[in-house]
Amino acid sequence: MIWRIWFLAALVLAMMLGERWAPAGQDQEKPKAAEEQIQPPAAPQTPTAQNQQGPKKRNPFTGNAEAIAEGRTIWMQSGCNGCHGMGGGGMGPSVMDDNWKFGGDDETLFKLIKGDLPQQTMPAVFGKVLTEEQVWKIIAWIRSIYKGDPSQIVW
């Protein structure tokens, strides 16, 4: 069992390093002008700032028992449990509570998994492999194991 955890950790590290140091000619982004490169990183948005942007995307699979079961399977097959355990955390943070760095609404979590949020620490490689439907099903499963304060729910 312990070898599986080490294998998953090594696999994630290899994917992260491979993405970072891809050989020349593999869809690498062209260098930007110097003035574009020296911009300070954007601060994570607070839930209040997020609410001012208009309605957020909602998960089409919320409450769908079949999709939730599929989401758990995708979670396991994709190796999410390698960092987040069965939701309670590990190398990565817990997904069972209401403590979300970038906000806990469906759209923000979707963007996090897909690798579309600046300053995120979760490897973006997962979002490049998973389809939108698979990501929504993972989110539906995450919502089904929520153990936080019901008054903090934002989805």
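These legends walk through several close-up views of a predicted model. Residues are numbered from 1 along each chain as its sequence is written, and side-chain values use heavy atoms, with hydrogens and water left out. Because this is a predicted model, local features need pLDDT of at least 70 and side-chain atom pairs count only at pLDDT 80 or more, while totals for chains, interfaces and linings use all residues.

**Figure 1. The whole protein has eight helices and zero strands.** Helices (H or I, at least four residues) and strands (E, at least two) are DSSP runs, numbered from the N terminus. Read from that end, the order is α-α-α-α-α-α-α-α. Of the 155 residues, 32% are buried; buried means under 20% relative accessible area, exposed over 50%, and partly exposed in between (1.4 Å probe, protein chains only). Among contacts (heavy atoms within 4.5 Å) between residues at least 6 apart in sequence, 62% join residues at least 24 apart.

**Figure 2. Confidence varies along the chain: pLDDT stays under 50 over residues 16–52.** pLDDT is the predictor's confidence in each residue, from 0 to 100. The average for the protein is 73, and 64% of the residues score at least 70. For residues 16–52, the model has 22 contacts beyond four places in sequence. Where pLDDT is low, the predicted coordinates should not be read in detail.

**Figure 3. Helix α6 (residues 106–114) is mostly covered.** How many of its nine residues are buried? The count is eight, and among them are Thr108, Leu109 and Ile113. At the start of α6, a side-chain oxygen of aspartate 105 comes to within 3.3 Å of the backbone nitrogen of glutamate 107. Just after the helix, glycine 115 has a positive phi of about 85°.

**Figure 4. Tryptophan 75 and tryptophan 141 form one of two aromatic pairs.** Rings of Phe, Tyr and Trp (its six-membered ring) pair if their centres lie within 6.5 Å; planes under 30 degrees apart count as stacked, over 60 as edge-to-face and the rest as tilted. Here the centres are 5.0 Å apart and the planes are at 50°, so the pair is tilted. Tryptophan 75 belongs to helix α4 (residues 65–78) and tryptophan 141 to helix α8 (residues 132–144), so the pair ties together parts that are 66 residues apart in sequence. Both tryptophans are buried.

**Figure 5. Phenylalanine 110 and tryptophan 136 make a stacked aromatic pair.** Their rings are 4.5 Å centre to centre, with 20° between the planes. This pair links distant parts of the chain, since phenylalanine 110 sits in α6 and tryptophan 136 in α8, 26 residues apart. Are these two residues buried or exposed? Phenylalanine 110 and tryptophan 136 are both buried.

**Figure 6. Arginine 143 and lysine 137 each have a partner to look for.** Arginine 143 is part of helix α8, and its relative accessibility of 10% means that it counts as buried. Its side chain makes a polar contact with the side chain of aspartate 106 at 2.9 Å. A polar contact is a pair of N or O atoms within 3.5 Å; within protein, one must be able to donate a hydrogen and the other to accept it, and residues adjacent in sequence count only if both atoms are side-chain atoms. Lysine 137 lies over the face of phenylalanine 61, 5.2 Å from the ring centre. A charge sits over a ring if NZ of Lys or CZ of Arg is within 6 Å of the ring centre and within 35 degrees of the ring normal.
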